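Me: Hey, can you walk me through this protein? I'm new to reading structures, so plain words please.

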Amino acid sequence: MEGQVPFINKNNANTMEVDYIVTEVSAVDNDTDLAIAKEVFTSNREIFDQWGRFSHSGTAQPANASELTAWKYDSVNDLVICTVNSGTYIGFYSDKKYDTYVHQATMASADGDDDDIGILIAFAVDANGKEHTLSAIRCANLNQTHTIVNGENYNWAIIYNHKQSNAKMIANGTSLLTTQVTSQGWSSMPNGTTIRVHRQGDIIEAVTSEFNSTVLNQNTKLTVDLKSDPVLAVFRGPQSYGYTSHSQNQSTYKDIYFSDAANVIYDIRTGNVWVADSNGNYTIDSSKSLTDLGKGRILSNATTGKMFFVQNDGKVVPIGRTSFRKSVTLAAGAKLTIDAHEEFGPNVNARNLLVQATVKDTDSASPTRGMFINSEAVATVGKDDRYIVVVNEYTASLEFDVVVLR
């Protein structure tokens with residue numbers, strides 16, 4: 001795609017992936033930024049309000065306009081819920097596009113029907129304006145007649161343009177399941193089923209759990225190369241992802257994890273990766289690391305404006321930083337410590353940085369009351385090779401504005 005570059009992903013080999021140099025990600029390097037990042041949570045409400053929708057059957061698009069709106073948002077449980085036993089293949093697709101990601105979600109339905117719920121691996125629109133889908137789908141009835149694709153029934157499959165006139169079975173993984181299910185109502189399986197999709201450029205891997213389980217069965221892995229079939233070429237490069245349903249009322253999606261979206265925080269100091277659950281509570285996910293970000297990448301945090309670089313050894317370091325600013329109230333005798341290595345990089349000597357500390361004037365008789373003024377009379381600034389320390393030497397709390405210039 002225009003603007004992308006190749007990244008070699010193994011030494012002394014010509015295996016590579018193609019991506020953009022800059023990745024927008026929630027990367028943090030101090031406790032303040034970490035706390036702010038944890039206040040951000042992308043909920044299903046955002047999916048409901050902002051994402052695109054589709055309805056496919058035959059050749060018409062949308063095939064049924066009324067089914068585009070046959071969804072509701074449950075604010076109590078943070079769930080998007082399908083409200084129709086749809087005659088068309090319906091769903092949501094993201095407002096941002098990706099070609100490298102890990103996406104996992106659990107699908108369920110309180111309705112006793114036995115049809116399709118799935119994950120949208122990729123959604124693309126061709127040059128003629130036609131919509132295309134690539135989906136990882138679970139069907140709860142192996143003998144379902146109206147979901148047959150190319151003469152094949154399925155409990156677990158990857159399907160191109162499901163329910164369109166040119167639908168194609170890309171991979172049928174039903175035989176890989178421990179148990180094949182015939183006409184099992186989704187309501188009898190309260191735990192639903194989980195699907196995990198890993199896309200790395202043209203290569204897509206998908207695994208699922210057994211029905212009524214959230215434990216992934218690695219034996220169910222399906223692998224698709226977008227270069228392997230001409231019909232899949234439309235999905236090459238960054239595309240939207242999402243969620244799908246066909247003829248399954250009350251379809252829901254929860255416990256969503258998406259690696260490149262919000263709800264994932266990378267702490268470059270500790271290597272910890274924080275992931276939010278469906279309630280917005282962040283915990284460290286030990287299965288993830290900074291190496292997931294890819295070497296040679298530039299990371300951009302849109303919230304803080306900070307940028308980082310992933311070095312060849314996997315270490316993440318700040319780049320492009322020329323200044324630091326912090327407003328803080330210090331109690332009498334309290335100090336503010338700034339780690340120059342965290343803010344400007346490990347090779348910066350704090351002694352060479354310019355520090356300007358001003359203090360808010362609270363003297364009612366002062367002509368500069370309410371303004372920030374020189375703090376030399378009430379504060380001390382100290383520096384060594386790494387740290388800058390600002391100490392409130394006054395007998396009461398003061399509000400400081402500290403600026404450090406490289």
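Reply: Sure, here is a chat about the chain as a whole, then its cores, cysteines, salt bridges and surface. Keep in mind that this is a predicted model.

Me: OK, basics. How many helices and strands does the chain have?

Reply: The chain comes to four helices and 31 strands. Its C-alpha trace spans about 85 × 55 × 40 Å along the principal axes.

Me: And what share of the residues is buried?

Reply: Of the 406 residues in the chain, 50% are buried. As for the outside, the chain exposes about 18,700 Å², and carbon and sulfur atoms supply 47% of that.

Me: What about contacts between parts that sit far along the chain from each other?

Reply: Take the contacts between residues at least 6 apart in sequence: 61% of them join residues at least 24 apart.

Me: Let's go inside. Which residues touch the most other members in the largest nonpolar core?

Reply: That core has 43 residues, and the ones touching the most other members are Trp-71, Ile-121, Leu-134, Ile-158, Val-197, Phe-235 and Tyr-243. Strand E10, residues 116–125, gives the most to this core, with five residues. Apart from it lies another core, of 21 residues, including Ile-338, Val-359, Val-390 and Val-402.

Me: Pick one from the big list. What does Val-197 touch?

Reply: Not counting residues up to four places away in sequence, Val-197 touches Tyr-101, Val-102, His-103, Ile-119, Ile-121, Ala-136, Ile-204, Glu-205 and Ala-206.

Me: Back to E10 for a sec. Is Ala-122 buried or exposed?

Reply: Ala-122, which is found in strand E10, counts as buried because its relative accessibility is 1%. Leaving aside neighbours within four places in sequence, Ala-122 is in contact with His-132, Thr-133, Leu-134, Arg-199, Phe-235, Gln-239 and Ser-240. Two of the names there, Leu-134 and Phe-235, were also in the list for the largest core.

Me: And how far is Ala-122 from Gly-237?

Reply: Their C-alpha atoms are separated by 10.0 Å, though the two residues are 115 residues apart along the chain.

Me: New topic: how many disulfides are there?

Reply: The structure holds zero disulfides. Take Cys-82, which is in no disulfide: the nearest cysteine sulfur is that of Cys-139, 15 Å away.

Me: Why does Cys-139 have no bond to Cys-82?

Reply: Because the closest cysteine sulfur to that of Cys-139, the one in Cys-82, is 15 Å away, which is too far for a bond. Cys-82 is buried, at a relative accessible area of 0%, and Cys-139 counts as buried at 0% relative accessibility.

Me: What about salt bridges, how many are there?

Reply: The count comes to 16 salt bridges. One of them joins the side chains of Asp-29 and Lys-306, at 3.1 Å from N to O. Asp-29 lies in the loop between strand E4 and helix H1, and Lys-306 in the loop between strand E22 and E23, so the pair ties together parts that are 277 residues apart in sequence.

Me: Are those two buried or exposed?

Reply: Asp-29 counts as buried at 1% relative accessibility, and Lys-306 counts as buried at 12%.

Me: Got another salt bridge?

Reply: Yes, the side chains of Arg-386 and Asp-339 meet in one, at 2.8 Å from N to O. Arg-386 lies in the loop between E29 and E30 and Asp-339 in strand E26, so this pair ties together parts that are 47 residues apart in sequence. Arg-386 counts as partly exposed at 33% relative accessibility, whereas Asp-339 counts as buried at 11%. There is also a network: salt bridges that share partners join Asp-29, Asp-33, Lys-306 and Glu-343.

Me: What else is Arg-386 in contact with?

Reply: Leaving aside neighbours within four places in sequence, the contacts of Arg-386 are Ile-338, Asp-339, Ala-340, His-341 and Ala-350. One of these, Ile-338, is among the residues of the 21-residue core.

Me: Last one: which residues make the nonpolar surface patch?

Reply: Ile-21, Val-22 and Met-307 make a nonpolar patch of about 220 Å². Met-307 lies in strand E23, residues 307–310, and counts as partly exposed at 32% relative accessibility.

How values were computed. Residues are numbered from 1 along each chain as its sequence is written. This is a predicted model: local features need pLDDT of at least 70, side-chain atom pairs count only at pLDDT 80 or more; totals for chains, interfaces and linings use all residues. Side-chain values use heavy atoms; hydrogens and water are left out. Patches are made of residues with over 30% relative accessible area and no salt bridge: like charges are joined within 9 Å, nonpolar side chains (Val, Leu, Ile, Met, Phe, Trp, Tyr) within 5 Å. Accessible areas come from the Shrake-Rupley method with a 1.4 Å probe; for residues, only the protein chains shown count as cover. A salt bridge is a side-chain nitrogen of Lys or Arg within 4 Å of a carboxyl oxygen of Asp or Glu. Helices (H or I, at least four residues) and strands (E, at least two) are DSSP runs, numbered from the N terminus. Buried means under 20% relative accessible area, exposed over 50%, partly exposed in between (1.4 Å probe, protein chains only). A nonpolar core is a set of buried Ala, Val, Leu, Ile, Met, Phe, Trp, Tyr and Cys residues joined through side-chain atoms within 4.5 Å. Contact means heavy atoms within 4.5 Å. A disulfide is a pair of cysteine sulfur atoms within 2.5 Å.
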